[in-house]
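Subject: Structure for you to look through

Dear colleague,

I am passing on the structure we spoke about, and I would be glad if you kept it open while you read. My notes on it follow below.

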Amino acid sequence: MAFDVKVHLKSVQKADNMADINHTDTDGRLSVSSGNRFLLRFDTTDENGGVTSTSVKSTDGEHITVIRKGTANTKMEFDADTPTPFLYSTPIGTLGFMLRTDEISLILDESPSLSLIMRYQLYNNGEIVSENRIEITAV
């Protein structure tokens, strides 16, 4: 069963001794079932009016998939045991990255509510690009 929720997203990206912190509040749709299975969908609008649709899902609470479609498109697989490659596609080209997950913390309730924290590092050609943290709450 799916429920309308309020979504708060906080993202922190650290690169070259600088931090970029973003907060976003939006409406979304959350489906929760047993065994830490969930699907969260929400849309965000950037400063130019472009809309990005995001889906965050897991079937076990230990592996998280984030799919973003809009001006830029990507599918990121978060797995604390295995670094995962992904492509970041934009209108001017596609970049290849490697993602290394340091932490996945999930609290899921069938009421429904979701609290998800992911810490990870991005690499390009074997070099670290940034250290990142995403916090998502949906209630």
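If we set aside its neighbours within four places in sequence, Y120 is in contact with M76, F78, L99, R100, T101, D102, S130, E131, N132 and I134. Please keep in mind, as you look at these residues, that the model is a predicted one. Y120 itself is found in strand β9, and its C-alpha lies 6.4 Å from that of R133, although the two residues are 13 residues apart in sequence.

One of those contacts leads on to the aromatic rings. A pair of aromatic rings is described by the distance of the centres and the angle of the planes. The structure holds 2 aromatic pairs, and one of them is formed by F78 and Y120, which meet edge-to-face, with 5.0 Å from centre to centre and 75° between the planes. This pair links distant parts of the chain, since F78 belongs to strand β6 (residues 73-79) and Y120 to strand β9 (residues 113-124), with their positions 42 residues apart in the numbering. Are these two residues buried or exposed? F78 has a relative accessible area of 1%, which is under 20%, and so it counts as buried; Y120, with a relative accessible area of 8%, is buried as well.

The other pair brings together F86 and F97, whose ring centres are 5.6 Å apart and whose planes stand at 20°, so that the pair is stacked. Here too distant parts of the chain are linked, with F86 in strand β7 (residues 84-90) and F97 in strand β8 (residues 93-109), 11 residues apart. F86 is buried, at a relative accessible area of 7%, and F97 is also buried, at 15%.

Finally, I looked at the empty space in the model. Rolling a probe the size of a water molecule over the atoms shows where empty space is left. The largest pocket has a volume of about 1100 Å³, and it is lined by 34 residues, of which S11, Q13, N22, R68 and Y88 lie nearest its centre. Which strand gives the largest share of this lining? That is strand β10 (residues 127-138), from which 6 residues of the lining come. Sorted by class, the lining of the largest pocket has 15 nonpolar, 14 polar and 5 charged residues.

With best wishes

Key. Residues numbered from 1 in each chain as written. Predicted model: local features only at pLDDT ≥ 70, side-chain atom pairs only at ≥ 80, totals over all residues. Heavy atoms only, no water. 1 Å grid on protein atoms, 1.4 Å probe; cavity = no way out; pocket = protein on both sides within 12 Å on 5 of 7 lines; lining within 4 Å. Points joined across faces, edges and corners; volume = space filled by probe spheres on them. Helix = DSSP H or I, 4+ residues; strand = E, 2+ residues; numbered from the N terminus. Nonpolar A, V, L, I, M, F, W, Y, C, P; charged D, E, K, R; others polar. Phe/Tyr/Trp six-rings, centres within 6.5 Å; stacked < 30°, edge-to-face > 60°. Buried < 20%, exposed > 50% of the residue type's maximum accessible area, 1.4 Å probe, protein only. Contact = heavy atoms within 4.5 Å.
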